[in-house]
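Student: Before we discuss any labels, could you show me the model and then explain how each term is justified?

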Amino acid sequence: MQILTERHLSAEEKAAYGAPFPDNRYHVATRVMPQIVATQLKEARLAWEELRKGTSAVLTLFSDKDPFLAGQGIDKQFQSLPGAVGQPHQTIENASHFLQEDKGGEIVEIIQAWALPAK
């Protein structure tokens, strides 16, 4: 977790993330997931086809320092979905892959303002 955040995680936070994994045997899924993503391209295309059918409102919040997603155009792909067009998407600055850890309060405020506009 720490290598994919900009904010320093406390020992307690790191322990909480590690709690579901008592030893290395439990890390198999997290190690295999990147390989699955790379080999399941057909499934990914089918998922995008389904996403394109949706009309529910979609807001995207990406981070500027995500080593996997920043600058890859993935934000624009999501923002082109029918429910995402015209929404106030944002790129959160000084945040990495685990955006919720780096800028949790900020993203809560953005989501609340979007989902619960002032009357």
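**Surface, burial and a nonpolar patch**

Tutor: The protein exposes about 8600 Å², of which carbon and sulfur atoms supply 59%; accessible areas come from the Shrake-Rupley method with a 1.4 Å probe, and for residues only the protein chains shown count as cover. This is a predicted model, in which local features need pLDDT of at least 70 and side-chain atom pairs count only at pLDDT 80 or more, while totals for chains, interfaces and linings use all residues. Residues are numbered from 1 along each chain as its sequence is written, and side-chain values use heavy atoms, with hydrogens and water left out.

Student: Why is Val32 called partly exposed?

Tutor: Buried means under 20% relative accessible area and exposed means over 50%, with partly exposed in between; Val32 has 32% relative accessibility, and therefore counts as partly exposed. By the buried criterion, 19% of the 119 residues in the protein are buried.

Student: What makes Val28, Val32 and Ile36 a nonpolar patch?

Tutor: Patches are made of residues with over 30% relative accessible area and no salt bridge (a side-chain nitrogen of Lys or Arg within 4 Å of a carboxyl oxygen of Asp or Glu), and nonpolar side chains (Val, Leu, Ile, Met, Phe, Trp, Tyr) are joined within 5 Å, like charges within 9 Å. Val28, Val32 and Ile36 form such a patch on the surface, with about 220 Å² of accessible area together.

Student: Which helix holds Val32?

Tutor: Val32 lies in helix 2, residues 28-39, where helices (H or I, at least four residues) and strands (E, at least two) are DSSP runs numbered from the N terminus. The protein has 5 helices and 2 strands, in the pattern α-α-α-β-α-β-α along the sequence.

Terms used. Buried < 20%, exposed > 50% of the residue type's maximum accessible area, 1.4 Å probe, protein only.
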